[in-house]
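Student: I'd like a close look at the inside of this model. Pick what matters for that and walk me through it in one go.

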Amino acid sequence: MGMPRNTGGGGIAVVGIDMLSERAAKMREAVHKSQSITDNMVSILGSFDHRLSALETAMRPTQIRTHAIRKAHVNIDKTLKAADVILSQFDLSRQAEAKILKGPHEDLESYLEAIEQLRNNIRFFNNNKSFKSSDGVLNSANSLLAKAISKLEEEFKQLLSSYSKPVEPERLFECLPNSMRPSSGSPGESNGKNHLSSSHAEHNNGTDNTVYTPPTLIPPRILPLLHDLVQQMVQAVHQQQLVKIYRDTRSPVLEESLRKLGVEKLSKDDVQKMQWEVLEFKIGNWIHFMRIAVKLLFAAERKVCDQMFEGFEHLKDQCFAEVTTGSVAVLLSFGDAIAKSKRSPEKLFVLLDMYEIMRELHSEIELLFRGKSCNEIRESAFGLSKRLAQTAQETFRDFEEAVEKDATKTAVSDGTVHPLTSYVINYVKFLFDYQSTLKQLFQEFENGDSNSQLASVTMRIMQALQTNLDGKSKQYKDPALTNLFLMNNIHYMVRSVRRSEAKDLLGDDWVQRHRRVVQQHANQYKRITWAKILQCLSIQGLTSSGGSNSMGVDGQNNSGVSRALVKERLKTFNIQFEELHQRQSQWTVPDTELRESLRLAVAEVLLPAYRSFIKRFGPMVENGKNPQKYIRYSAEDLERMLGEFFEGKTLNEPKR
């Protein structure tokens, strides 16, 4: 339905105003209704607030009672939970007590768990002192724990004892390198040689990098159990009982292992009374025992301590020290007795052997006997090294003095090398087998070049020997034998030095100087022995100047040489040469080269002179009576006889 059309311009405006008025009226009506509703709502809400306030007032006592009931329920829950915890602790205590009363022997692991549970219970009740019966429970638990630890001590002692057995020697020998294993019996038993012939084989044994594998003293499966027992006892503050049990159990076993090996407890008096051969044998064994004890037995004991007391460093060192003290003391006491015993030259090499083994073991002793508890043992071992070095050095000085002052009257009748010379030279040779040891020994007391110190000692010994030989040479009435004796002995010294390591230390200068001394004595021998006999072959006193060799009527040749004088000269020559041959065939020049050289030097002077004399004056004798009485030897005969000089033949030995 369309609106009426008004063709006039004002009709449209009237219609618009009417519509707006109508709408405004409707809006006023809606506002009035809304205000009325609002007023009604305010009235209703006011009434509701009043009723709610009254209701809250009425409900407050009920709320208070509900809150109290709820709080009571919470408290009851807490109490029930606490009671459950306490009851569970009682439960666990009963279970732990049952296991503890059974003892640790059947099931050690469960026993240790029970002890740990008991400790937890004690901690729990200590933290809950408000519990009415906590004091009684704690007393009971602590008493049970004390009994449990006491049983643990017994179990530790029994378990340790059952697996602590002495190590048999054969088992120890199997841990040694093949080169060091004795063929039978204890070490050294099969070796009957004297020390000088075997010492270097001995003293070099420990210089290589041989790895020693200590024996297993306690089975690996048992050590963790023992460690667990140790842990429980330490927690119970039973360290001293623990140390005592370990010492009393392990110490006798270690000592018995050494006793079976052959270790003896010997005092200084025992050592002093022993024959040298017996003592030398025991020293050789002692060196083996020290190596076996440190590298095998003590090393194995340290391994046991380290594993059993893992986590308790002070106990490791203390227990190891307690167990080894007695055994170490027995071993060191023998070394100390040797170091303090009467000094003698033959002891020097065994002292060096003993010093050498102590030096070899130095780092291992330092490692094994570490810690404050082992201080005394460690210092005792290092102290023995010092005493052995001191005694060896004093023995050096004694030897040097003894060589110089050796007063043996036994002269070697044939002028050969004196026993003292060979003894001293052999002594020096053996010293050079100990070069590294000697150098270390010198460093113990003074700084400086150890090579120079060793060279100085060697030179002093050589000079002492030479001084003594000069004195001994004066025992000979024959100055020719005096010079032969000195020639032989100094040549022996020079040759020995040239063929040994001493040459590098003493130097070429020493060698050349003493070779000249040898030559001087050889020249002196030739001059003293052969000067007089060569005078018999001299032309001097036989001839006058000018003339020929034709013979005159009076038995003289034209030069005025008397046949009788020639015969006298030849007769004297024969007597003197025969006497020299007889005597000096008994003399000795032991060195082949020196002997041939000396014979050649004599022949080079004697034979040309003899040939010349016979050629010139022989015809005067040959034309007379019994020429063979005066010309007994040809030059070849003399040469052959010279070849018999210095052979050391006895008087009754027939001529060749």
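Tutor: Let's settle one word before we go in: buried means under 20% relative accessible area, exposed means over 50%, and partly exposed is in between (1.4 Å probe, protein chains only). Keep in mind that this is a predicted model, where local features need pLDDT of at least 70 and side-chain atom pairs count only at 80 or more, while totals for chains, interfaces and linings use all residues. Numbering starts from 1 along each chain as its sequence is written, and side-chain values use heavy atoms, leaving out hydrogens and water.

By that cut-off, 43% of the 656 residues in the chain are buried. The fold has 21 helices and zero strands (DSSP runs numbered from the N terminus; H or I of at least four residues, E of at least two).

Now the empty space. Searching the whole structure turns up four cavities of 30 Å³ or more, a cavity being a set of points on a 1 Å grid where a 1.4 Å probe fits but cannot get out. The largest cavity holds about 70 Å³, counted as the space filled by probe spheres set on the points. Lining residues (an atom within 4 Å of a point) include Met290, Val294 and Phe298, along with Leu331, Met358, Phe369 and Ala381. Helix 9 (276–308), helix 10 (313–340) and helix 13 (375–405) each give at least two residues to that lining. Its chemistry is simple: 11 nonpolar residues, no polar and no charged ones, with Ala, Val, Leu, Ile, Met, Phe, Trp, Tyr, Cys and Pro counted as nonpolar, Asp, Glu, Lys and Arg as charged, and the rest as polar.

What about the cysteines? There are zero disulfides in the whole structure, a disulfide being two cysteine sulfurs within 2.5 Å. For cysteine 305, the closest cysteine sulfur is that of cysteine 319, and at 5.8 Å it is too far for a bond. Cysteine 374 is in no disulfide either; its nearest cysteine sulfur, in cysteine 305, is 8.8 Å away. Cysteine 305 is buried, at 0% relative accessible area, and cysteine 374 is buried with 0% as well.

One last buried spot is phenylalanine 646, at 2% relative accessibility, in the segment after helix 21. Its phi is positive, near 65°, though it isn't a glycine. That catches the eye because most residues other than glycine have a negative phi.

Methods. On a 1 Å grid over the protein atoms alone, a cavity is a set of points where a 1.4 Å probe fits but cannot get out, and a pocket is an open set with protein on both sides within 12 Å along at least five of seven lines; lining residues have an atom within 4 Å of a point.
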